[in-house]
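Here are a few exercises to work through with the model open in your viewer. Try each one before you read the solution.

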Amino acid sequence: MSLLEIEKLTLSIGKTRILKDVDLAVEQGEVVGLIGESGSGKSMTALTVMRLLPQMMQATGRVAFDGIDILAAPEAAMNRLRGDDIGMVFQEPMTALNPVKTIGEQVAEGIRWHTGASRADAEEQARRILDRVGLPAEKFPLSRFPHELSGGQRQRVVIAIACALKPKLLIADEPTTALDVVLQAQILDLLRDLVEERKMGLLLISHDLAVVADMADRITVMRHGEVMETGKAAKILTEQAHPYTRQLALASTHVPDRRPPRADAAPLLEVASVTKDYPGRHASLLRRPAPFRAVDDVSFSVREGQSVALVGRSGCGKSTLARMILALDRPTGGAIRLDGVETSALPEAALKPARRKMQVVFQDPYGSFDPRHKVERLVAEPLHLLEKQPTAAERREMVAAALNEVGLAPRDMEKYPHEFSGGQRQRISIARAIITRPKLVVADEPVSALDVSIRAQILDLFADLNGRLGVAYLFITHDLTVARAVTDEVMVMHEGRIVERGGTGAVLDDPQSDAARALVAAAPDLSRALARRLGQQG
Amino acid sequence: MSAETQPLEAPPRGLLRLAFANRSFLTGFVITALIAAMALLSFLWTPYDITHLVVADRMKPISWQHPFGTDHFGRDILSMIMIGARNSIAVAIVAVGIGMGIGVPLGCWAAARGGWIDEALMRFNDVVFAFPALLSAVMITAIFGPGAVNAIIAIGIFNVPVFARVARAGALSLWPREYVLAARASGKGQALITIEHILPNIASMLLVQGTIQFALGILAEAGLSYLGLGAQPPMPSWGRMLFDAQTRMMVAPWQAIFPGLAIVITVLGLNLLGDGLRDVLDPRLRRER
C-alpha cells in the first residue's frame, strides 16, 4: 500500500470542475514531482490532501494517507495529522511565517501542540531541526524574527517547521519559485537530503520541469485539472511521449530566433564608475553608521539595438543599478550617459527628453498597473513625455498601434488590467514601454512570474521587437535561460560589482569568475539534469 | 495562465449592488439616510414652531400631540431634535471637510517628499495629537467665544492629523509600487502622480475614515454644546438639550432620553456605514468572504 493514494479525485465549486479524476500515489521515501502551469490544479490537489480547501469546494473520490480516509476524517483527526505526519512547505517564505513570533517559537509551536512536550523540550527539538536545515543556533539564535532573515533562510525555517515532527509525507508547493537560482539549488539539496535521511515521501509541486527533473523519482503532469501523463521521471522526460509534456519541455528551453546585432552600432548607454551608497543602520545613537554600498564602481556600455543581460543573485545590486539607469534614483558617484546626455547630472525637469528614450518593464504583471485605470490610460502614460501632447484621437491611435505591436487587440484598451491573464498583462506592460519608441528598454525580471509556455511567448515578443524596432534591452534577471534566450552579452553582478562580462554563450558555457560559476551550476537545466540521471542509471 | 484565473483587483462595477448586499452597510446607510432626511425635512416643516414657547404645555410627557414630549418651555422635543440634527450634521460635515481638506494634502505631500519635510510634518502631527481633542476644543471656544462656527473650527483642527496620517500611510505604501515607478519613468512629477495614482487608490481608506470622523464630530459637537460652547440658544442642539434635561431627569426623563437616543443612533449608524464601506471597498477582505 502506498503512503498517499489519490484515486479519482474530483473537485468542484458548484458546477465548475476544478479537478477531474486525478490519480496520484506517493510511496514512502519517494519523490513525486507534480508539474503543471498555473490554474492546472496542482496546488488544489495538495490542499485536498491537507484538507485545507476553501469551504465551498466539493471533493469526491478517495484520498488515503497511511490507511486513513482523508476526505471522511473528522476535523480533529486532520488537526492531528497536519504538521505531524504531513508537513507542508509553501511558496512564499515572506508570508508563510508569522512576523511577530521568533523562529524558535514558530518551530516549537507545532512540536508542543502535537507531542505535549514542555517548552524547554520543544525548544531543544526546535534547535536540533533548525541546525539540521542549516540554521545553527550559534549563528541563528531561536530568538531571531523572520524579518531578520533572508528569503532563503526563511524558507529553511518553513522547512524546519514542516519537518520538525518527522512527517511521513512532505508536500512542497513551489518551494523555490520565490528564490534565486543559487538558493533554489540549496533548498532543493536540503529537501533531497531530508527525504533520504528520514524516508519521507515528498510531493514536489512545480511549474518548471527542470526543477523536478533532478529530484523526482516519478512525475505527474497536470493540465486544466486533469492528469496528462504519469510515470517514471527519466522515462517521461526522455521520451516526452505526451504532446503536452513535450510542449512544456520545449517551452522551458525555448530560444527565439534573433538576428545578431550590428557590431558597429553607436554606444547608447554609458555607465561610468557608478556607485550607490545607502545609509547604514544605526548601531549607536552617537556614531554615524557606515554606509551600505549597493553598487560599487560599475562601468559598462550598451550599444544601440544591443541586448544585454545583467545577471546576479537577489540582493546583488542589479535592481538598484537599473533604477539609477532609469533616473529614478541618483548615483552617489560616477556618471550615467544616455545618447551622450549625462542623465545622472540633470534635474528632474530636464530629464524629459532622456526619459523618452528609455522605458521600463517590471517583473510583477499584477503590480505594474494602477488597478483603477483602463488599459488605454495605462499604456498612454509615457505619452506625457512628448513635447506636443497628442489629441484624444491621436492618443487612441497610438495606444492601438502599441497594443497591436505586442499582439493584443485595440479593443482591449477599454478593459481594466484585472481582466487580463499574467502573460497578457506583461504584453500591456511592454506596450506601455514601447509607445514612445524608446531606444532602450530596461526589463527587470520581466518573465520570472510567468508560466514556461507564456514565458516563451513573451521572450519571442522581446526578440521580435528588438529586431523590428531596434530597441536595445537591458535584461535584469537571475534566470540564465532568459539570458541565453534573448541577449547578446551577459554581465554577471556580484555584491555590487560586475565580475564578468562577455558574449552570452561564452559566459554561460565557460564561466570564469566564482560568482558566474555558482550561478551556472545552480541553474536548473533540463538537458543537463537528464544527462546526469541517465548516467546514474547506466 | 488560464481564463479561469481569479481577478486580483475587484472590478469597480457592481460596487453598489455589492454594497447593499452587505448588512452593516445597508443598516448604516438606512439610519444615516433617515437622519439626513429628517434634518432636511426640518427646513420645510416641523410639527411645532420651536421659537414659540407655550408655557401651558411645559414638560408634557409622551402623547399623540407630542410624540417625544415637551421641554420646560413647552417646546416640542421632536421638532427640536429635527432641527438639532441639522446643526449636528452641519458641524460634522464642515469639521470633516476641514480635516480632509488640510490633512489629506499634507499627508500626501509628506509621503511624496519624504526626508525632513515628512519628518517635520509628522512630528507636528504628533504634537497636535498629544493635545486631548475635546479639551483643546473647549480651550479654543473659551478663547474665541462659544458658538457653532468656533466649535466647527475647533473640531476640524483635530481632524487634520487623523487624515494626514491615514493619507500618508496609504500613500507611502503606494509609492514603491511598480506602477508608480512606471509613472515616474514616464516623467510625471510628484503632484501629478499623487493626483492620478495615489489619491484614487487611497480614496476608499479616506472615505471610511471620513465616516468614522463624522461620527466622532457629532459626538464632539454634542459634548461642546453640552458644555454650552457649541450652538447658542435658541438654536437647538442635541448636546444642549441633554444639558437642559439633566436637572429634571427624575420628573421628565423623556427630555433627556430622546436627544440621547438621537446621538446614539446617529453615531451607531455612521459607524455601521463606515464598517460596511470598509468591507465593501477593501478587495482583500471581500475575497475572503
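**Exercise 1.** Find which residue just after H10(A) takes a positive phi, then work out why H10(A) counts as largely enclosed.

*Solution.* Start at the end of the helix: in this predicted model, Ala327(A), just after H10(A), has a positive phi of about 60°. Now step back into the helix itself, residues 318–325 of chain A. Go through it with the burial cut-off in hand, 20 or more other C-beta atoms within 10 Å. The buried residues are Lys318(A), Ser319(A), Leu321(A), Ala322(A), Arg323(A), Met324(A) and Ile325(A). That makes seven of the eight residues, so H10(A) is largely enclosed by the rest of the structure.

**Exercise 2.** Take strand S1(A) and work out which strands it is joined to, and in which direction they run.

*Solution.* Begin with S2(A), residues 16–26: seven bridges join it to S1(A), residues 4–13, and the two run antiparallel. To check the register, pick Leu9(A), whose bridge partner in S2(A) is Val22(A). The hairpin of S1(A) and S2(A) has two residues between the strands, and here Gly14(A) takes a positive phi near 60°. Next, look at S4(A), residues 57–65: it runs antiparallel to S1(A), with eight bridges joining them. On that side, Glu7(A) sits opposite Arg62(A).

**Exercise 3.** Which way do the residues of S6(A) point, and are they buried or exposed? Then find the strand that S6(A) is joined to.

*Solution.* Split the strand, residues 86–89, by direction: Ile86(A) and Met88(A) point one way, Gly87(A) and Val89(A) the other, and all are buried. For the pairing, follow the four bridges to S7(A), residues 169–173, which runs parallel to S6(A). One pair to look up is Gly87(A), opposite Leu170(A).

**Exercise 4.** Over to chain B: why does Cys108(B) count as buried, and what does Cys108(B) touch?

*Solution.* First place the residue: Cys108(B) belongs to helix H3 of chain B, residues 77–113. Then count: Cys108(B) has 24 C-beta neighbours inside 10 Å, so it is buried. Leaving out residues up to four places away in sequence, Cys108(B) touches Ala167(B), Ala171(B), Thr194(B) and Ile198(B). Also try the C-alpha separation from Ala191(B), 83 residues apart along the chain: 9.0 Å.

**Exercise 5.** Describe the side of chain B that touches chain A.

*Solution.* Chain B puts 23 residues into the contact and chain A 31 residues. On the chain B side, H7(B) and H8(B) are the elements that give two or more residues. H7(B) gives the most, with seven. By type, the chain B side divides into eleven nonpolar, six polar and six charged residues.

Terms used:
Residues numbered from 1 in each chain as written. Chains lettered and ligands numbered in written order. Predicted model: local features only at pLDDT ≥ 70, side-chain atom pairs only at ≥ 80, totals over all residues. Contact = placed C-beta atoms within 7 Å. Nonpolar A, V, L, I, M, F, W, Y, C, P; charged D, E, K, R; others polar. Buried ≥ 20, exposed ≤ 12 C-beta atoms within 10 Å, placed from the backbone. Pairing = 2+ DSSP bridges.
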